[in-house]
Amino acid sequence: MYKQIKIFDTTLRDGEQSPGCSMNLREKIEMAKQLERMKVDVIEAGFAISSPGDFQSVKTVAETIKDSIVASLARTTTADIDAAWGAIVNAAQPRIHTFIATSPIHMQYKLNMKPDDVVEQAIAMVKYAKKHCADIEFSAEDATRSEPAFLARVFEGVIKAGATTINIPDTVGYTVPDEFYAFLMKVRELCPALDNVDISVHCHNDLGLGVANSLAAIRAGATQIECTVNGIGERAGNAAMEEIVMALATRRDVYGASTGIVTTEIMRASKLLSRITGVKVQPNKAIVGENAFAHEAGIHQHGVLKNKETYEIMTPESVGLTTNNMVLGKHSGKHAFRSKAKELGFELTDEALEQAFARFKIIADKKKVVYDRDIEALVSKESVQVPKTFQMDSFVINSGNKITSTAVLKLMKDDKTIEKVSRGDGPIDAAFKAIEKIVGIEMKLEDFQLNSVTEGEDALGDALVKISVGNKMYSGRGLSTDIVEASIHAYINAVNKVLYETTEKEQAV
Ligand code: KIV
Ligand code: ZN
């Protein structure tokens, strides 16, 4: 019998607060549903008090998710705890996650509090939270730079007050595996009450040791690991969920532990997050990088052809990588399209199905073969679609190496067509400027990337656009066999997200 490790995913809280990773309400819901599909034990949906938008998204996630615990973060204040509880009160399995810093440097400079007052406040607020909710997690922020004896005193008190999970974070990614192991064993020795609750760790990746430290913690008795999909998070990120899960699955002989995660959902979660945030993983990223299962060297290929285990320690199928099989064509009907989407793991609303199918028909008409990866790209884009305030009607671009590019763009808004002409530095710049003229919002293009979904000369172009409005960043994606069209779709998608968030904010106030 293996020791069961709980996976606490904080992609929607610690991950989402990192630069370039913000998500709108629909995107958070879609990501939360994917986490539930993977059978994540706890989903930290956000920090309810931080803004009305955050409160709303924690509340909606809490009301949508049934099979995972939904947690909201709160500082040790009544206002934070009330907001957290207000957001998760309707969850099937709610958890309040409250925290206060315990290291000398944080207590002195950040909190400006005496250690005794920190202990008192932590205990009082866990008691307060416990009146609302049975499931309470307490975190000692910057635990790894705290005194073990002081931590033991805090933990003893909050466990008596009702905390059911104690989290010991490496907030600044400072510790190293051997040291962390010894540290945790020491704290456990000083606080025997820890044996009666879940011990959690939350490791940041500043020295690239987030996963290694989490694994060391399991050997030291941790029963819950906090992590994020693709390792996104503050600064260098958090420990990557897929790496922890696959390390435990592949090296059961060492750790004797397993998780309840459906590993075949890993790839989809990774891709969904990248599509939503526009933040790609590096090609050589463990488990989910494009090259993670690619064997390039001839000598390796030779070995793998004879026996996969020569160079493969886990199968690509175990993380949900499917072969690039040809699937649908231009004669395929909606029924076949829906069942293919279902086979790939997407439950689409009727509206999203209609939109995705319409785009599929256009693409199938232009492309000789349509692969699973094309369908996945199309469908996952529609599944997180915001209302299409603006839609493309048509474009004409005149471009060449000896002329200034000119774009004529026609967009539809509420059954009206709006047309603008703009010149620019190349066809895409001209098109983007014409869109800006139509929309009438001041925005700045921050990033633009173009990739192909599959190989081959008729491959789908997958365009990513990042724009900023004020200090907020929005990403948009577009798919087409024509790269200019893909880019225009991506820009319009980003614009629609700006407009969606503006209305979302207005509704939340
Ligand atoms: O890094 C950290 O310490 C945190 C806590 C709030 C758990 O994110
Ligand atoms: Zn953190």
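This note sets out points on the two ligand sites of a predicted model.

1. Surroundings of ligand 1. The residues around ligand 1 are R13, D14, H97, F99, S139, E141, N167, P169, T171, H202 and H204. Sorted by class, this shell comprises six polar, three charged and two nonpolar residues.

2. Polar contacts of ligand 1. The side chain of R13 places a polar atom 3.0 Å from an oxygen atom of ligand 1. For H202, an N or O atom of the side chain is 3.1 Å from an oxygen atom of the ligand, and a polar side-chain atom of H204 likewise lies 3.1 Å from a ligand oxygen. Ligand 1 taken alone exposes 260 Å², of which the protein buries 94%. Two or more residues of the shell come from each of the elements α1 (11–15), β4 (94–101), β5 (136–141) and β6 (165–170).

3. Zinc site. The zinc ion (ligand 2) has as its protein donors D14 through OD, H202 through NE2 and H204 through NE2, at 2.0 to 2.1 Å. Along the chain these donors are spaced as D-x187-H-x1-H. Because D14 belongs to helix α1 and H202 to strand β7 (residues 198–203), the pair ties together parts that are 188 residues apart in sequence.

4. Burial of two zinc donors. D14 has a relative accessibility of 3% and therefore counts as buried, the cut-off being under 20%. H202, at 5% relative accessibility, also counts as buried.

5. Residues common to both sites. D14, H202 and H204 are among the residues surrounding ligand 1, and they are also the protein donors of the zinc ion.

Conventions
Residues are numbered from 1 along each chain as its sequence is written. Chains are lettered from A and ligands numbered from 1 in the order in which they are written. This is a predicted model: local features need pLDDT of at least 70, side-chain atom pairs count only at pLDDT 80 or more; totals for chains, interfaces and linings use all residues. Side-chain values use heavy atoms; hydrogens and water are left out. A residue is near a molecule or strand if one of its heavy atoms lies within 4 Å of it. A polar contact is a pair of N or O atoms within 3.5 Å; within protein, one must be able to donate a hydrogen and the other to accept it, and residues adjacent in sequence count only if both atoms are side-chain atoms. Accessible areas come from the Shrake-Rupley method with a 1.4 Å probe; for residues, only the protein chains shown count as cover. Helices (H or I, at least four residues) and strands (E, at least two) are DSSP runs, numbered from the N terminus. Ala, Val, Leu, Ile, Met, Phe, Trp, Tyr, Cys and Pro count as nonpolar, Asp, Glu, Lys and Arg as charged, and the others, Gly among them, as polar. Donors are N, O and S atoms within 2.8 Å of the metal (3.2 Å for Na, K and Ca); water is not among the atoms, so sites may look incomplete. Buried means under 20% relative accessible area, exposed over 50%, partly exposed in between (1.4 Å probe, protein chains only).
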